[in-house]
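Okay, thanks for having me. I'll put the sequence and the model up on the screen, and then we'll walk through a few spots together.

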Amino acid sequence: MRFKFPLMAIGLEVAMIILFGLFVQYETDQNILQPPSSSNSTDVDRFIHLYPLFQDVHVMIFVGFGFLMTFLKKYGFSSVGINLLIAALGLQWGTLVQGILHSHGQKIHIGIKNMINADFSTATVLISFGAVLGKISPLQMLIMTIIEIAVFAGNEHLVAEIFMATDIGASMTIHAFGAYFGLAVAGVLYRPGLRRGHVNEESVYHSDLFAMIGTLFLWIFWPSFNSAIAEAGNKQYRAMVNTYFSLAACVLTAYAFSSLVEHRGKLDMVHIQNATLAGGVAVGTCADMEIHPYVSMIIGSVAGMVSVLGFKFLTVYPSHAGSCSGFFHRNSHCWRADSRFNSKVTYLGTAI
Amino acid sequence: MRFKFPLMAIGLEVAMIILFGLFVQYETDQNILQPPSSSNSTDVDRFIHLYPLFQDVHVMIFVGFGFLMTFLKKYGFSSVGINLLIAALGLQWGTLVQGILHSHGQKIHIGIKNMINADFSTATVLISFGAVLGKISPLQMLIMTIIEIAVFAGNEHLVAEIFMATDIGASMTIHAFGAYFGLAVAGVLYRPGLRRGHVNEESVYHSDLFAMIGTLFLWIFWPSFNSAIAEAGNKQYRAMVNTYFSLAACVLTAYAFSSLVEHRGKLDMVHIQNATLAGGVAVGTCADMEIHPYVSMIIGSVAGMVSVLGFKFLTVYPSHAGSCSGFFHRNSHCWRADSRFNSKVTYLGTAI
Amino acid sequence: MRFKFPLMAIGLEVAMIILFGLFVQYETDQNILQPPSSSNSTDVDRFIHLYPLFQDVHVMIFVGFGFLMTFLKKYGFSSVGINLLIAALGLQWGTLVQGILHSHGQKIHIGIKNMINADFSTATVLISFGAVLGKISPLQMLIMTIIEIAVFAGNEHLVAEIFMATDIGASMTIHAFGAYFGLAVAGVLYRPGLRRGHVNEESVYHSDLFAMIGTLFLWIFWPSFNSAIAEAGNKQYRAMVNTYFSLAACVLTAYAFSSLVEHRGKLDMVHIQNATLAGGVAVGTCADMEIHPYVSMIIGSVAGMVSVLGFKFLTVYPSHAGSCSGFFHRNSHCWRADSRFNSKVTYLGTAI
């Protein structure tokens with residue numbers, strides 16, 4: 001029994017190495033077939049050009065998501081530690097699955113966009129992780145990572161290349177998808193006995209400060225997240241500016257509504273740790289469009305408000321009601337609010 | 001009473017959205033009136049070029065200042081949480097006020113320099129926040145943010161465009177201004193009853209480690225702060241190099257003098273958290289000039305020394321003596337030392 | 001007695017300032033002697049181009065190494081605080097010593113590569129610091145910093161310019177050198193009385209989360225570390241990609257073997273904090289070569305495995321056995337594993 005996890009981890013890594021040996025090449029390996037040209041130098045130029053954006057996203061994935069969920073006293077180290085494990089596996093597997101789908105059977109040439117997209121596919125699993133943390137063993141997490149990223153890549157391929165829908169910050173394909181997938185897995189894993197596990201729900205003072213490390217790095221670098229794979233030039237510029245103002249506006253309404261709905265006007269730290277990020281998710285779908293800064297701010301304001309209200313008042317779906325034991329009430333509420341809102345904003349975004 | 005804060009926050013955000021709708025446009029909207037030219041592509045090029053520097057400053061504002069003041073046991077979460085609220089409001093308002101002053105009544109075109117300057121105007125409020133933390137309600141903080149940034153932008157406009165003074169790292173306009181403004185507000189808000197509030201002054205072990213997160217990110221990215229809006233090329237290069245060496249030299253003297261003035265040669269963590277940053281402030285005014293690296297190091301060394309000594313021995317001004325109850329003794333001492341020193345260094349800088 | 005440390009620190013800073021005054025100039029000061037040309041503008045262009053990579057390395061040095069060793073309850077603040085002191089001194093001294101060796105007696109012109117190399121020389125001392133933390137006074141640390149960086153710079157000059165060995169990520173010259181130097185100093189400082197000092201070995205829950213901040217920032221930015229001074233273009237691109245995949249693969253095997261060797265399959269946090277980084281060290285020597293991504297992943301996988309096994313089973317060398325009192329058992333084991341492995345990988349790397 002105790003050898004299952006290490007053997008699975010080693011087996012998966014061996015499989016990754018074999019698949020990389022078969023399918024993955026350097027971007028510069030293309031040169032062998034074609035004469036050196038300016039288009040090749042552009043590839044490597046773009047690499048160093050986008051590398052700072054890639055590192056911003058990388059910080060979000062490993063520090064941001066990792067620390068965001070440390071607010072639970074008992075799961076602090078698990079949250080950061082398992083986050084690293086999942087993300088490290090996920091980026092290898094994401095590189096492969098997305099690469100195979102996009103390259104139409106040819107070799108995968110690793111460029112900076114592959115690396116950013118691999119981080120994106122990892123984000124999906126980390127969002128689902130929020131809904132299943134504490135209910136699922138590390139072994140099950142490895143399996144969930146493999147399955148979810150495969151489904152995500154297929155779904156994303158469908159949305160982007162078949163439906164031709166625009167979703168530059170990947171709010172639909174990453175955030176909504178990740179949230180619903182996590183809830184579905186939580187439902188499947190439901191065991192009534194877990195309902196009594198409320199003791200781990202407590203958060204303590206320092207846990208909240210650790211969680212703020214996660215929140216702040218996610219908040220700061222979200223403009224990089226929404227713009228990293230946008231078309232260079234005006235579109236990338238607009239994705240940065242729109243996300244920046246949407247996030248700023250979102251903070252004000254998140255604080256205001258947190259104070260409104262809480263007992264005696266106090267702020268709830270969990271709202272602040274989560275709802276302040278809703279502006280980044282909400283504007284994601286249409287971030288690169290010419291929507292004007294004030295519209296981004298309206299989107300962000302509404303997102304902050306809806307996220308706090310959803311978190312506070314949304315009833316858990318009957319089918320999941322029992323399954324969300326312990327701290328999941330908190331967590332999955334939040335993501336559900338995000339994802340629900342998301343689908344609304346998506347329509348709003350495309351309507352504009 | 002309890003609805004005052006949320007209503008004010010929502011009201012301010014609505015006002016921001018209306019003002020942005022009236023005054024703010026994308027940088028690229030200029031194209032509509034003029035034929036596409038190389039100068040336009042340069043704007044967007046400069047955006048992606050300076051974006052990593054902007055993100056460094058952004059980390060300083062939200063993680064650096066946010067965690068710097070967590071060393072107080074009771075105010076840890078308030079420090080990080082209110083810091084985020086103020087900064088999010090401040091950057092929207094700063095964009096507007098600075099934009100209106102600089103654009104002389106025309107539309108504001110959001111470029112990377114506007115975003116960096118908005119973060120700068122926010123820094124002013126966060127420095128003042130250090131002198132009033134614990135004495136002021138979130139509602140009062142919102143009002144202070146609006147007033148202080150308006151005064152700051154006017155003052156900065158005066159210094160930079162009317163007096164034509166050089167202050168590339170904005171040591172005078174941001175740091176000295178922010179420190180004095182905060183002390184003035186603290187004086188106005190003085191209530192004798194607060195003097196007994198010493199219990200919250202205690203810092204605990206982990207609080208000090210959280211505060212070091214703030215210190216380190218401020219220390220690391222200060223070269224970006226002092227160079228972000230410098231003229232591209234040699235001036236920007238010198239601003240980075242001078243700040244880098246000034247900060248390094250400052251650490252040595254801050255540690256040395258902390259050990260000298262403390263009981264039995266122990267280091268005082270509060271000195272280390274604050275005086276190690278004095279080198280960045282002190283060199284700010286003249287960072288882009290050809291002062292030579294060794295002069296930067298002299299400036300940094302003196303700044304580290306003066307900051308520790310001022311912190312330890314400077315008597316609080318009689319008019320503020322009573323007002324700085326509880327932990328403010330610590331904090332405002334420090335910033336006062338900085339700001340005093342600052343005005344001296346300013347003369348030194350311009351003399352060179 | 002108590003004045004020794006401050007006087008030494010001030011004396012060293014004064015010496016640095018004098019040496020900088022004599023030897024160090026801006027990169028742009030070269031222009032005075034030669035007419036302005038395109039090569040000059042390239043220097044400053046390269047500065048801003050590599051500045052984000054420099055800042056990544058800077059975060060690794062001050063936040064990464066600083067927090068990595070906070071896992072020990074009692075040494076948390078010392079670890080972060082002394083790390084800052086050593087690094088601030090080290091980067092000034094490293095700039096001088098490396099500059100003098102590379103410039104062959106001419107003036108040192110500070111460019112971005114000097115600043116990156118100064119951070120590298122600092123890394124050596126911080127690695128040794130891990131083996132002597134708690135056994136050595138701040139005063140002794142200052143002396144060790146001066147001596148070690150001088151020896152490092154001589155050694156690095158020998159390896160790179162006389163032997164012409166390739167070591168792009170400096171795994172040999174920094175990591176192996178730093179580890180052995182630290183162990184040697186620990187051996188020299190050995191006093192039998194220290195053996196009873198096991199009480200400080202305890203780590204507590206929050207210490208482990210602080211240490212994860214260090215681990216994650218080191219892990220995230222290691223591709224920047226290995227590529228920062230690589231030749232621009234394909235070599236730099238490959239250094240980033242190879243390090244990225246080596247690190248990802250390393251995480252999987254580190255977790256797997258940690259679970260295998262520990263009691264009842266639990267993960268050991270100390271393994272995760274350290275062995276997950278072995279992939280970055282191991283691939284360092286050959287990171288810029290055309291080794292193919294799957295070979296990087298093999299190197300990383302083996303490094304993660306060897307690091308955990310070495311940490312668990314390697315007997316301490318007899319000569320050091322007694323010297324590693326208290327928590328050093330943990331720490332020096334780890335680095336020894338790394339450094340041992342390193343020398344093996346070095347052969348592997350050059351064989352390829």
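Before I point at anything, one cut-off: a residue counts as exposed when its relative accessible area is over 50%, as buried when that value is under 20%, and as partly exposed in between. And keep in mind that this is a predicted model.

So, with that cut-off in hand, is Leu22(A) buried or exposed? Its relative accessible area is 51%, so Leu22(A) counts as exposed. You'll find Leu22(A) in helix α1 of chain A, which runs over residues 4-23. Leu22(A) also has company: together with Val14(A) and Ile18(A) it makes a nonpolar patch on the surface. The three of them add up to about 270 Å² of accessible area.

Let me zoom out to chain A as a whole. It has 352 residues, and 65% of them are buried. By secondary structure, you're looking at 13 helices and two strands in chain A. What about the contacts? Take those in chain A with a separation of 6 or more: 80% of them are between residues 24 or more positions apart. As for the outside, chain A has an accessible surface of about 11,600 Å², and carbon and sulfur atoms own 65% of that.

Now the assembly. How is chain A related to chain C? Turn chain A by 120°, shift it by 0.0 Å along the axis, and it lands on chain C with an RMSD of 0.0 Å. That's the relation of a three-fold axis. Chain B works out likewise: a rotation of 120°, again with 0.0 Å of shift along its axis, puts chain A on chain B at an RMSD of 0.0 Å. If you want a landmark, look for Pro52(A), the residue of chain A that comes closest to the rotation axis, with its C-alpha at 3.8 Å.

How do the copies meet, then? Looking at chain A against chain C, only 9% of chain A's interface residues are interface residues in chain C too, so the copies meet through different surfaces. For chain A against chain B the figure is also only 9%, so there too the copies meet through different surfaces.

Let me hop over to chain B for a helix check. Helix α4 of chain B covers residues 112-132, which is 21 residues, and at 1.5 Å a residue it should span 30 Å. The C-alpha atoms at its ends are 31 Å apart, which agrees. How enclosed is α4(B)? Of its 21 residues, 19 are buried, so α4(B) is largely enclosed by the rest of the structure. And just past the end of α4(B) you hit Gly134(B), which takes a positive phi of about 95°.

Back in chain A, one more residue on a helix: Ser78(A), in α3, residues 76-103. Ser78(A) has a relative accessible area of 33%, so it's partly exposed. Which residues does Ser78(A) touch, leaving aside its neighbours within four places in sequence? Those would be Asn83(A) and Phe129(A). For a sense of scale, Ser78(A) and Thr253(A) are 175 residues apart in sequence, and C-alpha to C-alpha they are 32 Å apart in space.

Last topic, charges. Side chains of opposite charge can pair when their charged atoms come close. How many salt bridges turn up over all chains? The search of the whole structure finds three.

In chain A, the side chains of Arg238(A) and Glu290(A) form one, at 3.6 Å from N to O. Arg238(A) sits in helix α8, residues 234-261, and Glu290(A) in the loop between α10 and α11, so the pair ties together parts that are 52 residues apart in sequence. The two partners sit in different settings, too: Arg238(A) is buried, at 9% relative accessible area, whereas Glu290(A) is partly exposed, at 45%.

In chain B, a salt bridge joins Arg238(B) and Glu290(B), with 3.6 Å from N to O. This pair links distant parts of the chain, helix α8 and the loop between α10 and α11. Arg238(B) counts as buried at 9%, and Glu290(B) as partly exposed at 45%.

And in chain C, the side chains of Glu290(C) and Arg238(C) meet in a salt bridge, N to O 3.6 Å. Here Glu290(C) is in the loop and Arg238(C) in α8, so parts 52 residues apart in sequence are tied together.

That's my tour, so over to you.

Definitions and conventions: Residues numbered from 1 in each chain as written. Chains lettered and ligands numbered in written order. Predicted model: local features only at pLDDT ≥ 70, side-chain atom pairs only at ≥ 80, totals over all residues. Heavy atoms only, no water. Least-squares fit on C-alpha atoms with pLDDT ≥ 70 in both. Contact = heavy atoms within 4.5 Å. Helix = DSSP H or I, 4+ residues; strand = E, 2+ residues; numbered from the N terminus. Expected span 1.5 Å × (residues − 1). Buried < 20%, exposed > 50% of the residue type's maximum accessible area, 1.4 Å probe, protein only. Patch = residues over 30% accessible without salt bridge, like charges linked within 9 Å, V, L, I, M, F, W, Y side chains within 5 Å. Areas by Shrake-Rupley, 256 points an atom, 1.4 Å probe, with all protein chains shown as cover. Salt bridge = Lys/Arg side-chain N within 4 Å of Asp/Glu carboxyl O.
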